[in-house]
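Trainee: Got a few minutes to go through this one with me? I'd like to ask some questions and hear how you reason your way to each answer.

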Protein chains: 2
Amino acid sequence: MKVIRSIAELRSELKDRRDTDKGPVGLVPTMGYLHEGHASLMRKAREISGTVVISIFVNPIQFGPGEDYETYPRDEARDLALADSEGVDIVFIPTVQEMYPQPIKTKISVSEITSLLCGASRPGHFDGVTTVVNKLFNIVKPDYAFFGMKDAQQVAVIEQMVQDLNLDVTIVPCPIIRESDGLALSSRNVYLKPEERAEALVLSGSLRTAQEAIRQGQAETAGEIRTHLRNYISRSPLADIDYAEVLTFPELAPVEDSYRIVDEDRTVIMALAVRFGRTRLIDNALFQPKVGESHV
Amino acid sequence: MKVIRSIAELRSELKDRRDTDKGPVGLVPTMGYLHEGHASLMRKAREISGTVVISIFVNPIQFGPGEDYETYPRDEARDLALADSEGVDIVFIPTVQEMYPQPIKTKISVSEITSLLCGASRPGHFDGVTTVVNKLFNIVKPDYAFFGMKDAQQVAVIEQMVQDLNLDVTIVPCPIIRESDGLALSSRNVYLKPEERAEALVLSGSLRTAQEAIRQGQAETAGEIRTHLRNYISRSPLADIDYAEVLTFPELAPVEDSYRIVDEDRTVIMALAVRFGRTRLIDNALFQPKVGESHV
């Protein structure tokens, strides 16, 4: 496994590998502090790519003022050990100076689907994400790029950018990975105090029970599911709901409370963001009427 | 010469040419109605590329409301003949539907250097330019892309995008091509009535005489040059000045009237936009203190 910190060296290494026909290049963009969710992306990448690149970069321009850019958890040594154990070929760890040698004047924005959910709570966040992901795509020129469905809106936004800008890369969305008790894996889970960690189970719990309610015919409309999610999460005194929404996926179009998700053939997403103290957690589940729902 | 109208076919053709090692790919993006200025870009491309691609696409999203998108001159048969005579390998002529199969939600914006000159007169224009050029770069993946310096701000904006987004392409700016009497070539010159065509010489005339004034020590500051340009252009009763500016290049930073261009070592641009009736013409010249100026 090569650890590369400069764009020029990465380009040269990738050119060598392409010239010797090492097969498709798979990119797993991460912010580091890797966990089993990232490992699942690397395994998927390893499965279908000749060269697996992971990038580790805590991207300042996707953090808003007062967000956790400075305190975002970092552990390079552990990250490298994990990447190595997953058979990654190249770890790209640029500095901020390497990625932004001069103040960046160019911004990539995706409208509409960034106006709600995390886009509404974190203004400018998705511009930072699309801009850095576009940079990474231009640097690595991957055939495949792997993203976790925990950040479902991010997947939708990046897929939109890829289509709109004719980027020659296939986005591979990968399932959410959870702790055995249901909590979706996140680098930010490390922020949680023990009592917050316990109550954080309301996110996955609300999604799982919403799916059960749909299956048993107790919830049929978007409004009923919203109510279910909010009621369930409100059992936790520490939980402060940012949003608990039902939207179409991947268009992220709002649906009325009266929208009968069980009668329509569009995929919908149940999407949550909940704060515990200073820690903001997200989770989601898809409901696909034609093929059943994904399991939480 | 191949004429290709679909993105998929273009990608496949370029892949074949790369697989058989036809050398670097040069792209000349145009809006068609080709003239000797475009021909000079094709010749430069032919000189340093194994495969020369020109694109012909009147890009709707870079035209503002009330601008000349519908009436922009088009002549495909003549364009193809000219491209063929210049030894172009591939002409890419997509439809609007091919380039924008769905309403585009993704936008690329470059800040600061788009806030003045044509960016001020044509709000949203450069977002349309950077977005479509980025799309073309992603489709063609050129090693070189050729742009005329008549659109000097466009060159600066695209170069900024290339650097900020780590696009793996070298921008090759090419000199302005002029009629024998000095008028800068432009597809829009066809709009000019005979008396407007005659008076349009004030653009190149003001730039040429400004350069003479600098050389002879009669103009030394940005303010003196601005005054010279405005006075000269105002000789034409039909001319309506949009801007007549002096800025640094390629940063396009404004300079004070008192800025002594002859004493500084920064390149400056004298940039003009002048309306004749409904036709808006642009022209410019660089002044490079260390190496002399470019000739108009």
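Trainee: Which side chain does the side chain of A:Gln62 make a polar contact with?

Mentor: Bear in mind that this is a predicted model. A:Gln62 sits in the loop between S3 and H3 of chain A. From there, its side chain makes a polar contact at 2.9 Å, and the partner is the side chain of A:Asn59.

Trainee: Is A:Gln62 buried or exposed?

Mentor: Leave aside the neighbours within four places in sequence, and A:Gln62 is still in contact with several residues, including A:Met31, A:Glu67, A:Arg122 and A:His125. A:Gly128, A:Val129 and A:Val132 are also among its contacts. Buried means under 20% relative accessible area. A:Gln62 has a relative accessible area of 10%, so the answer is buried.

Trainee: Which residues does the UniProt annotation "binding site" cover, and how far apart can their C-alpha atoms be?

Mentor: The annotation comes from an unreviewed entry and covers A:Gln62 and A:Gln154. They span 93 residues in sequence, yet they gather at one spot, because no two of their C-alpha atoms are more apart than 11.7 Å.

Trainee: And where is A:Gln154, and what is its relative accessible area?

Mentor: A:Gln154 is found in helix H7 of chain A, residues 152-164. Not counting residues up to four places away in sequence, it touches A:Phe126, A:Val129 and A:Phe147. A:Gln154 counts as buried, with a relative accessible area of 17%.

Trainee: Which residue does UniProt list for "active site"?

Mentor: Look in helix H2 of chain A, since that's the place of A:His38. This residue counts as buried, at 11% relative accessibility. Not counting residues up to four places away in sequence, A:His38 touches A:Thr30, A:Gly32, A:Tyr33 and A:Ser187. The "active site" listing, again from an unreviewed entry, is for A:His38.

Trainee: How far apart are the end C-alpha atoms of helix H2 of chain A?

Mentor: Start with the expected value: H2 runs over residues 36-48, and at 1.5 Å a residue its 13 residues should span 18 Å. The model agrees with that, with the end C-alpha atoms apart by 19 Å.

Trainee: What do the buried residues of H2(A) pack against?

Mentor: First, who they are: A:Gly37, A:His38, A:Ala39, A:Ser40, A:Leu41, A:Met42 and A:Ala45. Their packing partners in chain A include one helix, H3 (76-85). The strands they pack against are S2 (25-30), S3 (51-56), S6 (144-148) and S7 (170-174).

Trainee: Within what arc do the buried residues of H1(A) fall?

Mentor: The buried residues here are A:Ile7, A:Leu10, A:Glu13, A:Leu14 and A:Arg17. Seen down the helix axis they line one face, because they fall within an arc of 130°.

Trainee: So which residues are exposed on the other side of H1(A), and what covers the buried ones?

Mentor: The cover in chain A includes strands S1 (2-4), S2, S3 and S4 (90-92), along with helices H4 (96-99) and H6 (125-140). On the other side of H1(A), the exposed residues are A:Ala8 and A:Asp19.

Trainee: What phi does A:Asp21 take?

Mentor: A:Asp21 comes just after H1(A). Its phi there is positive, at about 55°.

Trainee: How far apart are the C-alpha atoms of A:Glu112 and A:Glu251?

Mentor: A:Glu112 is in the loop between strand S5 (106-110) and helix H5 (118-121) of chain A. At 53% relative accessibility, A:Glu112 counts as exposed. Along the chain A:Glu112 and A:Glu251 are 139 residues apart, but their C-alpha atoms are separated by 9.0 Å.

Trainee: Now the pair of chains: what rotation superposes chain B on chain A?

Mentor: The shift along the axis is 0.0 Å, and the RMSD is 0.0 Å, for a rotation of 180°. The two copies are thus related as by a two-fold rotation axis. The same surface serves both, as the contact residues of chain B recur in chain A at a rate of 100%. So the rotation to quote is 180°.

Trainee: Which residue of chain B comes closest to the rotation axis?

Mentor: A good way in is B:Asn134, in helix H6 of chain B, which counts as buried at 0% relative accessibility. Its contacts include A:Leu165 from the other chain, as well as B:Ile108. The residue closest to the axis, at 2.3 Å by C-alpha, is B:Ile108.

Terms used:
Residues numbered from 1 in each chain as written. Chains lettered and ligands numbered in written order. Predicted model: local features only at pLDDT ≥ 70, side-chain atom pairs only at ≥ 80, totals over all residues. Heavy atoms only, no water. Least-squares fit on C-alpha atoms with pLDDT ≥ 70 in both. Contact = heavy atoms within 4.5 Å. Helix = DSSP H or I, 4+ residues; strand = E, 2+ residues; numbered from the N terminus. Expected span 1.5 Å × (residues − 1). Buried < 20%, exposed > 50% of the residue type's maximum accessible area, 1.4 Å probe, protein only. UniProt positions renumbered as here; feature names shortened; annotations may be inferred. Polar contact = N/O pair within 3.5 Å; in protein donor to acceptor, adjacent residues only side chain to side chain. Arc of directions from axis to C-beta.
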